[in-house]
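Biologist: I'd like to go through this model with you, starting with the empty spaces and ending with the sheet. Can you put it up?

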Amino acid sequence: EEIVGHIIHLDDGNLVETGKYPTPLASLQETANFLTDEDATAGRDYKHLMFYAHGGLNDQNASANRVRKMKEVFKRNGIYPIHFMWETGFFETLGDIIFASNAKAAARVGSVSDFFDRVFETTVRLPGRAIWRDMKRDAGQSFVSSGGGTKALRILLKGNAKRQKPLKIHLIGHSAGGIFLGHLLERLNSVNPLSEPVRSCSLMAPACTIELFEKFYHPRIGGKQAASDIAQLVQYNLIDQRERDDSVGPYRKSLLYLVSNAFEEERKMPLLGMENFSKDLTLKAAHKLHYAGRGDTITDSRTHGGFDNDRATMNNILKTILGVKPSPAKGFQPEDMTGY
């Protein structure tokens with residue numbers, strides 16, 4: 001009841017229409033109708049429509065709790081938030097594999113040397129690659145012509161186009177959410193009746209490969225002609241030392257290290273979210289890259305999974321969406337950053 005109207009729940013690329021967190025087409029249409037009605041009792045004074053794709057090893061309840069905690073902050077800033085709850089089962093299974101592989105690796109080399117991480121990568125590689133490959137496939141399936149993500153966007157954006165002043169579109173992705181949003185961008189021109197570009201895209205520790213970034217994101221950055229163009233892209237990464245100080249269960253580096261060294265098809269796959277591969281990036285003027293750990297006030301996450309719990313990062317995302325810094329009372333407060 002607390003998050004209805006703020007989620008698009010997908011599984012295997014299809015809308016989840018029953019169960020604890022359902023989003024049938026009728027419910028999505030009700031949300032579209034609400035946003036289309038601009039009078040004082042319904043559409044109110046929203047100016048922005050935000051789509052958020054989470055990442056991390058989250059189950060459905062953890063994903064739902066994130067939506068519950070975040071939505072009021074966005075709404076009090078004139079932003080209507082819609083979160084994709086996608087493939088939470090895959091992330092949960094991935095977490096099970098990571099923890100189950102610990103005993104096997106420890107039995108081979110113990111747990112006191114850095115060599116453990118390399119053995120762990122080998123141990124988890126076969127099942128981890130299979131899960132990661134399926135997760136990426138289902139991100140793509142969500143935005144085929146008959147996919148659940150395509151159906152949801154078509155309804156919501158058709159309603160937005162009916163507004164006298166259409167809401168400005170913004171995207172936020174965390175970790176594997178960067179993969180998901182890449183496929184969303186590829187579909188956007190065919191489902192948005194308007195040719196207004198995405199006003200901002202904010203990526204936190206994106207787990208997508210640089211190859212995917214160059215295919216789906218890079219050509220669109222700075223564009224102003226099509227619905228899938230991105231007026232500005234802001235990216236938040238950890239410095240490499242913080243990647244190495246992070247851990248995923250028994251693995252003593254960040255999730256991105258594990259993805260790059262074990263889950264992708266080639267070992268040491270260049271990932272967009274890793275400082276180690278920043279030399280492979282060509283930044284456009286409309287692409288800003290910030291590093292947590294460099295001593296500035298823009299982002300200060302300590303871990304890969306901590307960006308959406310970092311007040312500096314989330315308030316900078318608000319500033320990107322709004323075009324101005326949010327007032328102290330309307331920004332993310334310390335109490336908004338806990339509980340998920």
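**Spaces, rings and strands**

Biologist: What volume does the largest cavity have?
Modeller: Keep in mind that this is a predicted model, where local features need pLDDT of at least 70 and side-chain atom pairs pLDDT 80 or more, while totals for chains, interfaces and linings use all residues. Residues are numbered from 1 along each chain as its sequence is written, and side-chain values use heavy atoms, with hydrogens and water left out. A cavity is a set of points, on a 1 Å grid over the protein atoms alone, where a 1.4 Å probe fits but cannot get out, and its volume is the space filled by probe spheres set on the points, joined across faces, edges and corners. For the largest cavity that comes to about 60 Å³.

Biologist: Which element gives the most to the lining of the largest cavity?
Modeller: Lining residues have an atom within 4 Å of a point, and here they include V4, I7, P22, S27, L28 and I82. The split is five nonpolar (Ala, Val, Leu, Ile, Met, Phe, Trp, Tyr, Cys and Pro), five polar (the others, Gly among them) and no charged residues (Asp, Glu, Lys and Arg). Helices (H or I, at least four residues) and strands (E, at least two) are DSSP runs, numbered from the N terminus. With three residues, the biggest contributor is α1.

Biologist: How much space lies in the largest pocket?
Modeller: A pocket is an open set of points with protein on both sides within 12 Å along at least five of seven lines. This one has 22 lining residues, and G56, L57, L255, H304 and G305 are the closest to its centre. The lining has six nonpolar, 13 polar and three charged residues. The space is about 340 Å³.

Biologist: And which element gives the most to the lining of the second largest pocket?
Modeller: That pocket has a volume of about 270 Å³, and its lining includes E1, E2, K20, Y21, A64, N65 and R68. By class there are six nonpolar, one polar and four charged residues. Three residues come from the top contributor, α2.

Biologist: Why are the rings of F34 and Y80 described the way they are, and what is the pair called?
Modeller: Rings of Phe, Tyr and Trp (its six-membered ring) pair if their centres lie within 6.5 Å; planes under 30 degrees apart are stacked, over 60 edge-to-face, the rest tilted. The search of the whole structure finds 13 such pairs. For F34 and Y80 the centres are 5.9 Å apart and the planes at 45°, so the pair is tilted.

Biologist: Which strands stand at the edges of the sheet?
Modeller: Strands pair if DSSP finds at least two bridges between them. The open sheet is mixed, in the order β2-β1-β4-β3-β5-β6-β7-β8. One side is left without a neighbour in each strand that has a single partner, so the edges are β2 (14-15) and β8 (287-292).

Biologist: Which residue in β4 stands opposite I7?
Modeller: β1 (residues 7-11) and β4 (residues 79-86) run parallel, joined by four bridges. Opposite I7 you'll find H83.
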